[in-house]
Amino acid sequence: MDVKKIEEYINKNFDKLPEGCKQCVRGEKLVLFITGTCKNNCYYCPLSEKRKDKDVIYANERLISSVEEAIEEAKLCSSRGVGITGGNPLLRVDRTKKYLEALKKEFKDFHAHLYTTPETITTENLEKIKELDELRIHPTKIFNIGYKEEFVDELIKKIRLAKKYIPKVGVEIPSIPGMDEEILNLAYEIDGVADFLNINELEFSDENYENLEKRGFYPKDDVSNAIAGSEETALNVIKNFKGSLFIHYCPSILKDAIQMKNRLIRRAKNIAKPYEVVTDEGLLLRGIMIFDREEDLNEIVEILEDNEVEFEIDGNKIYLNPFILEDLLDLMKRERFPIKFSAYISEYYPTVDKLEVERIPLHIKKRKLRFK
Ligand SMILES: C[S@@+](CC[C@H](N)C(=O)[O-])C[C@H]1O[C@@H](n2cnc3c(N)ncnc32)[C@H](O)[C@@H]1O
Ligand code: SF4
């Protein structure tokens, strides 16, 4: 599926999607990675080395250590809900409870969903997370050990238990190529018990690549992280399923090209300085002038102030609107005004690390070579 097809598919099915997915697609969810701790060891686990089995907390891409930082990040992204993920959040259930309750208290109508696995769904844990609106259960044993009735029975028991505390309880699984029959059986077994089944296109990462390759899986193309055959398995299950359960297929490209982009746009709009431009991809553009000498910087500051141009000084740099910078350089060249600075357009992520993705040179100030 390409981006256009995904958009058509999402628009057609939007009303049927679980609320957590609706918000996720629109980039409205704060992704709260509450711990990297997990006892499951799935061979396809995509977690990066920085997160896997590390007891760390991230709010979106930001490493945090307090509830206040999570709230701040939610505000910066105008989040309307939270997806609590990991690792297994229920292995740090008291921390999960603290963050969940704080976010629910801070924001009105804040939708919360959480990912976990069947073993940790207990009455004691559910009591602590009953403020959740949605739970998504990943039956890891079925995909790591094999499809066995006892694993399906355990899953069904846990869905029934969770439904006593949480309004919506669904099952979320990776689409393992070739497991069409098992996934179809699973869908029939949970029909009438679970509220939905989400099937994720299988993705590789630096961490799981070797494991996936050993099992004969390989990338479907050289532009995405998706595994060949995973989409076919998911779509095959949906085509052959004749029950009433809602099955949603989540392609890898939906996460990268639509959901991530929408989340970035929300953050970018909130943090953009008055002189910065938000791109359609949710990145920020700014013009940068870099000076060797303070008097050259002061001269330009005077010109910008005279022309009421918004700008900011950062050490030997001036930041300003990229289009104004281009116009200014054109004018200076036309007027043969000496250009005593280097100028670039910088494109960067509106994330906490402000990762620069591109720097387009507009003018490079020639350096003089001096022999001593
Ligand atoms: C990345 S996990 C995060 C939450 C938690 N660790 C878990 O596995 O449930 C979210 C969902 O992605 C699915 N998943 C796990 N590994 C995946 C992979 N390599 N590619 C695609 N989906 C995957 C699982 O079905 C899980 O429900
Ligand atoms: S349950 Fe999730 S975090 Fe844990 S090993 Fe499996 S994929 Fe990784």
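UniProt, in an unreviewed entry, lists residues 23-244 as "domain: Radical SAM core". In this predicted model, the end C-alpha atoms of that span lie 23 Å apart. Helix makes up 36% of residues 23-244 and strand 19%.

The surroundings of the two ligands can be described by residue class.

| Shell | Nonpolar | Polar | Charged |
|---|---|---|---|
| Ligand 1 | 7 residues | 6 residues | 3 residues |
| Ligand 2 | 4 residues | 8 residues | no residues |

Around ligand 1 there are 16 residues, of which Tyr-115, His-138, Glu-172, Asn-200 and Glu-203 come nearest. Strand S4 (81-86) and strand S7 (168-175) each supply at least two residues of this shell. The largest contribution is that of S7, with 3 residues.

The residues around ligand 2 include three cysteines, Cys-38, Cys-42 and Cys-45. Also in this shell are Asn-40, Asn-41, Leu-47, Gly-86, Gly-87, Asn-88, Thr-117, His-138 and Thr-140. His-138 is thus named for ligand 2 and is also among the residues that come nearest to ligand 1.

A pair of helices completes the description. Two packed helices are described by the angle between their axes and the distance between the axes. For helix H7 (residues 149-163) and helix H8 (residues 180-190), the axes come within 11 Å and cross at roughly 35 degrees. The crossing of H7 past H8 is right-handed. On the H7 side, Val-152, Ile-156 and Ile-159 make the contact, and on the H8 side Leu-186, Glu-189 and Ile-190. By class, this contact has 5 nonpolar residues, no polar residues and 1 charged residue.

Key: Residues are numbered from 1 along each chain as its sequence is written. Chains are lettered from A and ligands numbered from 1 in the order in which they are written. This is a predicted model: local features need pLDDT of at least 70, side-chain atom pairs count only at pLDDT 80 or more; totals for chains, interfaces and linings use all residues. UniProt positions are given in the numbering used here, feature names are shortened, and annotations may be inferred rather than shown by experiment. Helices (H or I, at least four residues) and strands (E, at least two) are DSSP runs, numbered from the N terminus. A residue is near a molecule or strand if its C-beta atom, placed from the backbone, lies within 6 Å of it. Ala, Val, Leu, Ile, Met, Phe, Trp, Tyr, Cys and Pro count as nonpolar, Asp, Glu, Lys and Arg as charged, and the others, Gly among them, as polar. Axes are lines fitted to C-alpha atoms, for helices over the stretch in contact, and angles run from 0 to 180 degrees between N-to-C directions. A crossing is left-handed if the near helix is turned anticlockwise from the far one by less than a right angle, and right-handed if clockwise. Two residues are in contact if their C-beta atoms, placed from the backbone, lie within 7 Å.
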